[in-house]
Amino acid sequence: MLAIIHFADSLSAWFGRAFAWLIILMTFGTAYEVFVRYVLNSPTPWALDVSFIMYGTLFMMGGAYTLSRGGHVRGDFIYRLWRPQTQAMVDLVLYVIFFFPGVTALIFAGWKYAARSWTYQEVSINSPAGIPIFQFKMIVVAAGILLFIQGIAEICRCLVCIRTGAWPRPEDDVQETEDLLIQEANKAETGAAA
């Protein structure tokens, strides 16, 4: 089970990091649009569409990565008070009842949506540029498949926790700024006390 968890976490992390670069592209694209619109008085017909496409792609493809790192919203005000085994049992039931049916519906509905878009080579109706968007509709399917794979890993993570009493943690690759500041403050206090 740990091998499945490691594989899914690594896969989700790879896709999450790869698609995170869209933030840089969105920043440059938006800065370019602001410059040509307000300085040169010559707005582009494609900037809005491209920013929508990149943001949607980033949002969809980052879902599995966020799930692998425990970053999705939950009712922590109750959940955090439970023992790890209780948390794992509740998570297991919720994955089976809600997560997998929802993600499966996302994959199948996304497939139909994308296939229809490919048949008539859909273009964006938001701007006169007519940006082709049919290829980006497959992102829904790809994101659903990644979420499904990560969901299997989360089920394995729940089973390990139920058996051992401790959650198997993903590899640390990113830390919150607040956590780093707290660690530095604790080190400074420990160093000053010594």
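This note covers helix 2 and the nonpolar cores of a predicted model.

1. Ground rules. Local features need pLDDT of at least 70, side-chain atom pairs count only at pLDDT 80 or more, and totals for chains, interfaces and linings use all residues. Residues are numbered from 1 along each chain as its sequence is written, and side-chain values use heavy atoms, with hydrogens and water left out.

2. Helix 2. This helix spans residues 22-39, 18 residues in total. Helices are DSSP runs (H or I, at least four residues), numbered from the N terminus. From first C-alpha to last, helix 2 reaches 25 Å, close to the expected 26 Å. The expected span is 1.5 Å times one less than the number of residues. Asn-41 follows helix 2, with a positive phi near 55°.

3. Two sides of helix 2. Leu-22, Met-26, Glu-33 and Val-36 are buried (under 20% relative accessible area, against over 50% for exposed, with a 1.4 Å probe and protein chains only). Seen down the axis, the buried residues of helix 2 fall within an arc of 110°, so they line one face. The arc is taken from the directions from the helix axis to the C-beta atoms. These buried residues pack against helix 1 (2-20) and helix 3 (47-61). The face turned away carries exposed Phe-28, Tyr-38 and Val-39.

4. Largest core. A nonpolar core is a set of buried Ala, Val, Leu, Ile, Met, Phe, Trp, Tyr and Cys residues joined through side-chain atoms within 4.5 Å. The largest has 17 residues, with Met-61 and Phe-99 among those with the most contacts inside it. Helix 7 supplies the largest share, eight residues.

Conventions: Helix = DSSP H or I, 4+ residues; strand = E, 2+ residues; numbered from the N terminus. Contact = heavy atoms within 4.5 Å.
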